[in-house]
Amino acid sequence: MYLNKEEEKMYDGTYGDTVRKSMEILVALGDIYGAENLVNITSAQISGVSYKTIGDAGLEYLQDLAIGQGLNNNPIAKVPSTLNPAGTDLDNWETLGFSSEFSKKQNEIVDAYGMLGISKTCTCTPYLVGNVPRFKDHVAWSESSAVAYVNSVIGARTNREGGPSALAASICGKTPMYGYHLEKNRKASLLVELEVPIKGIDYGALGYMVGKEVGDGVPYFIFKNESTNTELKSLGAALASSGAVALYHVENQTPEYNNAGKNELIEDSNNIFITASDIKNTFENLTNSSKNEADLVCLGCPHASLEEIKEIADIVVNKKIKNDLWVCTSINVKAASDRMGYTKIIESAGGHIVCDTCMVVAPIEDMGYETIGVNSAKAANYVPTMCGLDVIFDDAKNLIKFEP
Ligand code: F3S
């Protein structure tokens, strides 16, 4: 892979060990995928944050990188960069019942990222809180739902980075030019047409069903109705969890649909037609619990927007919730929710706005819960395997139960 003079210096250690190690990762990746050069990025989003998933080995790796940087006193995190959800609410872990040992390790991980110049904003919806690339920007994002959103709804360019490669890209301000950074790879690979209009959590069910079919393909959706940003974030999250979709197009809605090559696909035998009963069946398949009530209702996957929090506040206002309720979001959105009074309404009903973490990367399996209620197809897909718990997939208004 071609490196310019400045990149050569980064690669040979002129700027210290942390930059050198990061360049080594990028060059190795570029060589594997046949990239001809590196491209400058404008933003990074880094996964590999939860102590549950990266453990002590990950913590030591990050601390080594941070210490290497400190000794050399070199500039770091060349572009605005944020973190994926962590394993705890970094501030309110005790109130929510997280163990102190886990929470201490979790905070050490986030501190190491902070030393590397990465913002300690832990969220899978960074596009709601200021990490917002422009159309056609090259970026290095790693959380799969965020990748699907930024590629598809915003029209920036990223591959599905791993945590280490997104961190390396952040430190170097560059990423190898291959995959979805190249226009030719952004064409649709099949058409998905819907028989009926859909809304709300139908989008998650649809994404789950189509992701399984298309794997790492690029679906082009033809909807009967306009979608909201919240619905598109659910769609992308589900597509990226049952499949490995990083980019999709929606006719008349997403920014690149016009250049996605629809006409060449009209006769394609792989095209999918989705009926109302397909959606209904998927809905049922996403629930694996025989119970009618969840111990913990966990909303905000991907992390909730202010509008979603308002909808939950409207459901629970002046009532007492029977189940435990977590609404997962970023500290930034919670601050807005506090000011709008939504947090108070939810807390008065017995729920919590939980920051920095989520039902999949938090150790909820160690917190005494057995059945989790979710309105996210991605969470319904992951909770049984990553947490070993039963799951009920439904609308928030059906999941939340109230005291008489
Ligand atoms: Fe985000 Fe966790 Fe869902 S990282 S997309 S809330 S599984």
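How many disulfides does the count come to? Zero. Keep in mind as you click along that this is a predicted model.

**Stop 1: a pair of cysteines**

Start by selecting Cys328 and Cys298. The cysteine sulfur closest to that of Cys328 belongs to Cys298, and the two sulfurs are 4.3 Å apart. A disulfide needs them within 2.5 Å, so this pair is too far apart for a bond. While you're here, look at how Cys328 is placed: its relative accessible area is 0%, so Cys328 is buried.

**Stop 2: the ligand**

Next, select the ligand and show the residues around it. You should pick up Pro85, Cys124, Ser145, Gly300, Cys301, Pro302, Cys358, Val360 and Lys378. Colour this shell by class and you'll get six nonpolar residues, two polar ones and one charged one. Click on Cys358, one of the residues around the ligand. Cys358 counts as buried, with a relative accessibility of 11%.

**Stop 3: the pocket that holds the ligand**

Which pocket does the ligand sit in? It's the second largest one. This pocket has a volume of about 410 Å³. It has 24 lining residues, and the ones closest to its centre are Asn84, Glu143, Val361, Lys378 and Tyr382. You've already met Lys378, since it is also among the residues around the ligand.

Now switch to a cartoon view. Two elements give two or more residues to this lining: α6 (144–154) and α14 (377–387). Of the elements, α14 gives the most, with three residues. By class, the lining of this second largest pocket has 10 nonpolar, 10 polar and four charged residues.

**Stop 4: the largest pocket**

Move on to the largest pocket, with a volume of about 500 Å³. To find the middle of it, select Ile201, Thr230, Glu308, Glu311 and Asn375, which are the closest to its centre out of 22 lining residues. Then highlight α9 (229–242), α11 (306–316) and α15 (396–399), the elements that each give two or more residues to the lining. Which of them gives the largest share? That's α11, with five residues. Colour the lining of the largest pocket by class and you'll see eight nonpolar, seven polar and seven charged residues.

**Stop 5: a closed cavity**

How many cavities of 30 Å³ or more turn up in a search of the whole structure? One. Its volume is about 40 Å³. To frame this cavity, select Thr18, Lys21, Ser22, Ile25, Tyr61, Leu65, Pro164, Leu167, Ala168 and Ile171, which line it. In cartoon view, look for α2 (17–33), α3 (51–72) and α7 (163–172), the elements that give the cavity lining two or more residues each. By class, the lining of this cavity has seven nonpolar residues, two polar ones and one charged one.

**Stop 6: a residue in a loop**

For the last stop, select Asn131. You'll find it in the loop between α5 (100–115) and β4 (140–141). Is Asn131 buried or exposed? Asn131 is buried, because its relative accessible area is 5%. Now add Ser81 to the selection. Asn131 and Ser81 are 50 residues apart along the chain, and their C-alpha atoms are separated by 7.3 Å. Draw a distance line between those two C-alpha atoms to check the 7.3 Å for yourself.

Notes: Residues are numbered from 1 along each chain as its sequence is written. This is a predicted model: local features need pLDDT of at least 70, side-chain atom pairs count only at pLDDT 80 or more; totals for chains, interfaces and linings use all residues. Side-chain values use heavy atoms; hydrogens and water are left out. Buried means under 20% relative accessible area, exposed over 50%, partly exposed in between (1.4 Å probe, protein chains only). A residue is near a molecule or strand if one of its heavy atoms lies within 4 Å of it. On a 1 Å grid over the protein atoms alone, a cavity is a set of points where a 1.4 Å probe fits but cannot get out, and a pocket is an open set with protein on both sides within 12 Å along at least five of seven lines; lining residues have an atom within 4 Å of a point. A molecule sits in a cavity or pocket if more than half of its atoms lie within 2 Å of its grid points. Ala, Val, Leu, Ile, Met, Phe, Trp, Tyr, Cys and Pro count as nonpolar, Asp, Glu, Lys and Arg as charged, and the others, Gly among them, as polar. Grid points are joined across faces, edges and corners, and a volume is the space filled by probe spheres set on the points. Helices (H or I, at least four residues) and strands (E, at least two) are DSSP runs, numbered from the N terminus.
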